[in-house]
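This briefing sets out selected features of the model shown below, grouped by topic for reference.

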Amino acid sequence: MAAEDLPSEFDVVILGTGLAESVVAAAFSRVGQRVLHVDRRSYYAANWASFTFNSLLTWIQEHHEESQPEEAQDWSSLLEDGEELIYLSPDPASISNVQAFCFTSEEDEEEEKASSPDPPNTTEEKTGGANEDIVKETSETESADSKEEETKEKPEERADGAEEEQASKTEGEEPEADQPTASAAQSQSEPAKKKISYAQLVKEGRRFNIDLVSKLLYSRGSLVDLLIKSNVSRYAEFKNVTRILTYRHGNVEQVPCSRADVFASRQLSVVEKRKLMRFLTSCVEETEEQRAYNGRPYLEFLCDQQLGDNLQHFLLHSIAMVTEDTPTEEGLSSTRHFLRCLGRYGNTPFLFPVYGLGEIPQCFCRMCAVFGGIYCLRHSVSCLVVDKTTNRCKAVVDSQGQRISCSHFVVEEGSVGTDRKTVTTPPRFLSRAVLITDGSILPSDSDQQVSMVTVPPIAAGCPAVKMVELCSSTMTCMPGTYLVHLTCQSVGSAYEDLSPVVTKLFRTPESHDQENCPSVLWCLYFNMTDSSGLEVEGHNLPSNVFVCSGPDGSLGHEHAIKQAELIFQKILPEEDFCPPAPNPEDIIYDGDNNSSSAGGEENGGAGEEENDGAGEEEEEKKEVLEENDGEEEKKEVEEEEQSLQTEE
Amino acid sequence: MHGRVKIKSTAQQEEEKRKEREKKLKIYVAARDACFSKRKEGIWDDEALQLTQQLLSSNPDFATLWNYRREILMHIETVKDEDEVQKVYEAELSFLESCLKVNPKSYGSWHHRGWVSARLPRPDWARELSLCDRCLSLDDRNFHCWDYRRMVVKMSGVPVDQELGFTDRLIGSNFSNYSSWHYRSTLLPLLHPESPEPPSPCREPPHSSPPPSPQTHSHRVCEEQLLKEYELVQNAFFTDPNDQSAWFYYRWLLGRAEREEMISCVYVSRDEERVAVAFSRPVNAKSVGLLLVLDGQPQRVEWRSVHPCFKHSPVWICDLPPGTISDITNEHNLTVHWTEKHTHRDCALYTGRTESWCRDSATDQELFRSELSVEKTSVLQSELQSCNQLQELEPLNKWCLLTIILLMRALDPLGYEKETLAHFQTLKEVDSMRSAYYSDLCSKFMIENTILKMEYAEVRVFSISDKKLTTLCHLDQLLLVTHINLSSNQLQRLPPQFAMLQCLEVLEADNNSIENLEGVYHLPKLEEVLLKNNKISTLAALQPLASCPKLKRLDLRGNPVTQTANVEAELAELLPSVTDLLL
């Protein structure tokens, strides 16, 4: 949509399409507010996005390019009396230390079958031509043992306003993602080899949906509640996480957490089974005994329950998912949350969205669009027009120089300069790793397990790592591979934090005696800002401007949803937050829907074709409300059945 | 504003829904009437098939319509060739599937499915089986589906081991499921039958009773498999000790073989010229082919149970023709044949003896090792250990306590008596709703223990005072007892079974709450009845005593009946033989 086509007045303008922003957008649009939702990027969901393999390569490249600080244009000509401008200067440091490695052969090898499986993976072959920059990282990491502040410097070095600038330039151009695909085209399509080559990964790149953040949905968490309440769930499909695993004494073990698991567990003695079940049932209720431990570590409480090492490990690391020094009340409350979520949709407390987490913000964007919200990607807000007397934002100036009035402005954290942010806590980071592997970390009868793996600190001072292993039926990786996400609070760089865990659990060139472990074909490390400490207001900004923080380190989505609801209630305290959307059959379609303005880029964020680089972004999409209806019904029925069962 | 969604108002929606419902009802009623009139006229055409289908798909519980449909289908069978019939029935099956989606517990739909499957010329059992599995995965307690599945399995001959695997799966996903456990109990004996040889010396005191006949062991499972099952079921009850399905299965696993059917005792009394026979289970002696042979001569005798209220009884008596054995200088040989079971028991009445008997004692038969197990003691011992372990963790779990009691009884009823009583006390407290049941059960075990003690002592005195007895049982085992002491218990009656104590001379039952003496009936040797401090309130309650010819001494002190006017005279009339009456 050309900029001059945009209406010049909105109730709410939202910059950034991350989860919180998208929920806010849907909530406003749903209650009849006029919403303009823009993102400077070419894709939805900001740091919550999911990428195909090829677009991830593009993303990696973008984060290696030198940022060219944007020329701040002077828009003061748009000002009226008593107004001033606040320029938004993107904070570039949200992603840093990006390092990618390829441990599989670059091309399919004709004679591969004859050779032993080992040689190809030890050739630390650098990735294809398009990724020269990534390659250079490898040499650095070889000496990365010296964890000097040097690594910390990197974010600045590579400060990437690059994508910002690119976003405005590349509108209408072919996305970069095409480059790696070109190299894939060289390799002939061949029957699947024992080991999947890099070329195959690129060729099958569209089968991947690789999330930047790794989270799960607690089945009684606020996101699931919101999806159900708002009927947004009809736009998405979910899979159960099928098992909870943990790493212990050098082995990956299944954590028995449901009744059926405990019954079937082979590692627990019957007495342990009883103790575990009794603990799990008893800790649901708060007792005097528990209160006595308030302020003391949860570990101490568990020790005093005389559960034994096995159960203590499971309860602390895999069920409560806390550390050894977490206070008892906190440990118990997360244990309870875990237990409340069990059994609603399956034998674990978690759901994962098919096609990746990037779907979720898009679903909310879609809901927003259905109720009239307008979407523009590769479109940003350059500055705010502030009324000096009231200190309220009256309007925004978009990247095209159009002045757009609005009553409220909601902005992603990454678009607010550090100088305007009030940060109470020291900056924190998340360490992330993404692996594409050739086998499950704990093979079982089914090769389509979705596993949540907890890895306690492997040595003193190391972070506890949360790992999610996705199978191909989640539509996030190609058949024959698994997509593994690792996340932890940063101690050092992502590579420093996570590669020791990867080396222990998987077969990589650095690992030893890992014959039975799955091999890593390709992997990516990066750090992301953990902005969970950021408040929605109280910054050096007009009073009607609200800031949404980016992804946080916790496993669930509570933070973003709570934040979205908070912003909504601050602006419209009287309105219902995301009331149920009407059924498709109750919507009246009158023949002449004002056709001219609804066209163009009003794009509900329908997922799959978004980033495939075919220039389809411009294509108009119809909102098809009916689709996925069945899914929703199924889910409801399922829920009913579950609840019936639990009553019995 | 563009793109706003317009939504129908709720009133509009309601109105639309109401109209739709009305329309539906009209169609339904019309179709129903059409069906009924067609059936009346005996029309079996495609239209009728369609009409019933239309109705049943919205209401699959309309039995009359299913019947009509079956009539039509049977008619079609007669006019079409096999291929066409196959097609019609296949269509029927897929229609039924949609009905089951409407109501997965519809009697009509499942029954009709069974009917169709049985008539299908070329049935596809694999598909039926997978349908059942799908239904059970949605609701593993759908008994309609279990029933239908059993039929499918039978018809299609699914291998037993595969079925066992199926129960493994269901139990794995939710072990709180009687159907699956029960199914297991029917499959295991088929798959892992107990070896035909008698089990190796399985009880410590080796005994001389004949090896158990094969049929008594048909429900048993070989030991190796049993151990695996113990482990499985323990996993279940340790995981959730309050789930009774696992406990019930465990009781089945521990269960002992059925007792061999036999004549356990023959008693002959010279004075009364009477024979009493005790059986291992209640029988109707008049119809089981009981034959009495005296000194080689079959006798025509009239068998009667000890009390007219029993048609089946473990004890039967008969009077010998007068004079046959009354001469004390004669020796007699007596044989009772149970022709139906090809078994018999001999008894010799020697010169100079007034009575004689031949029996297997309760200790010989190990009758009271509760209902549990012929297993090796070591197995039971380790089961007891794990239950004790669980009890330590769950001291108030009633299932666990009860199972411990049963295991203790199986192992050593006398040795564990103290613990057993303590556990019963806890049981009554934690499960007060069933305290009367526990009291009765405890009484039963106390009686068993007393019988054992009596037999070890080789006496005919049965004394069980001050044990909080609430009920009497195993009275058939007391056939030979001459002196019984039931004082200071909580008995309310002496039930008809009490009449089995054919040798009883002295009955002591002071300090109970007895108000009914029904069972003190035709006891030929009874001389003394002590009923101090009971609750006998009417003379009518004493009526049964009149049937005991030798009753001389009666103590009724502390009973309400003593307050009745003119009681002494009334009693003298009622019980003329009593010479020593205490009121």
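**Briefing: chains A and B**

A:Phe208 sits in the loop that runs between helix 8 (198-203) and strand 6 (210-211) of chain A. Its relative accessible area is 0%, so A:Phe208 is buried. The model is a predicted one, and the points below cover individual residues of chain A, a loop residue of chain B, and the overall make-up of each chain.

**Surroundings of A:Phe208**

- Residues up to four places away in sequence being set aside, A:Phe208 touches A:Phe51, A:Thr52, A:Phe53, A:Leu201, A:Ile436, A:Thr476, A:Cys477, A:Met478 and A:Thr481.
- A separation of 158 residues along the chain lies between A:Phe208 and A:Ser50, yet their C-alpha atoms are 8.7 Å apart.

**Strand residues of chain A**

- A:Asp11 belongs to strand 1 of chain A, which covers residues 9-15.
- The relative accessibility of A:Asp11 is 14%, and buried means under 20%, so A:Asp11 counts as buried.
- Beyond its neighbours within four places in sequence, A:Asp11 makes contact with A:Gly32, A:Gln33 and A:Arg34, as well as with A:Cys406, A:Ser407 and A:His408.
- From C-alpha to C-alpha, A:Asp11 and A:Phe28 are 8.8 Å apart in space, with their positions 17 residues apart in sequence as the separation.
- A:Thr487 is part of strand 19 of chain A, made up of residues 482-489.
- With a relative accessible area of 8%, A:Thr487 is likewise buried.
- The contacts of A:Thr487, leaving out neighbours within four places in sequence, are A:Ser214, A:Ser431, A:Arg432, A:Ala464, A:Val465 and A:Lys466.
- A:Gly553 is 66 residues from A:Thr487 in sequence, while the C-alpha to C-alpha distance for this pair is 7.6 Å.

**Residues with positive phi**

- A:Ala45 is not a glycine, yet its phi is positive, at about 85°.
- The position of A:Ala45 is the loop between strand 2 (35-39) and strand 3 (50-51) of chain A.
- A:Ala45 is buried because its relative accessible area is 0%.
- B:His522, a residue other than glycine, also has a positive phi, near 50°.
- The loop that holds B:His522 connects strand 13 (506-508) with strand 14 (528-530) of chain B.
- The relative accessibility of B:His522 is 39%, so this residue counts as partly exposed.

**Chain A as a whole**

- Chain A contains 20 helices and 22 strands.
- Buried residues account for 58% of the 648 residues of chain A.
- When contacts in chain A are limited to residues at least 6 apart in sequence, 74% of them join residues at least 24 apart.
- Chain A has an accessible surface of about 26100 Å², and carbon and sulfur atoms contribute 47% of that area.

**Chain B as a whole**

- Chain B contains 17 helices and 16 strands.
- Of the 583 residues in chain B, 49% are buried.
- For contacts in chain B with a separation of 6 or more, 61% come from residues 24 or more positions apart.
- The area exposed by chain B is about 27800 Å², with 52% supplied by carbon and sulfur atoms.
- The radius of gyration of chain B is 33 Å, whereas a compact globule of 583 residues would have a value near 25 Å.
- The C-alpha trace of chain B spans about 110 × 65 × 60 Å along its principal axes.
- Chain B carries 68 positive and 83 negative side chains, and 7 Å separates the centres of these two sets.

**Domains of chain B**

- The division of chain B gives domain 1 (11-158), domain 2 (268-348) and domain 3 (443-581).
- Taken over C-alpha atoms, the centres of domain 2 of chain B and domain 3 of chain B are 26 Å apart.
- The contact between these two domains involves 15 residues from domain 2 of chain B and 13 residues from domain 3 of chain B.

Definitions and conventions
Residues numbered from 1 in each chain as written. Chains lettered and ligands numbered in written order. Predicted model: local features only at pLDDT ≥ 70, side-chain atom pairs only at ≥ 80, totals over all residues. Heavy atoms only, no water. Helix = DSSP H or I, 4+ residues; strand = E, 2+ residues; numbered from the N terminus. Buried < 20%, exposed > 50% of the residue type's maximum accessible area, 1.4 Å probe, protein only. Contact = heavy atoms within 4.5 Å. Rg over C-alpha atoms; globule rule 2.2 N^0.38 Å. Areas by Shrake-Rupley, 256 points an atom, 1.4 Å probe, with all protein chains shown as cover. Lys, Arg positive; Asp, Glu negative; His and termini not counted. Charge placed at Lys NZ, Arg CZ, Asp CG, Glu CD. Domains from an automatic or database assignment.
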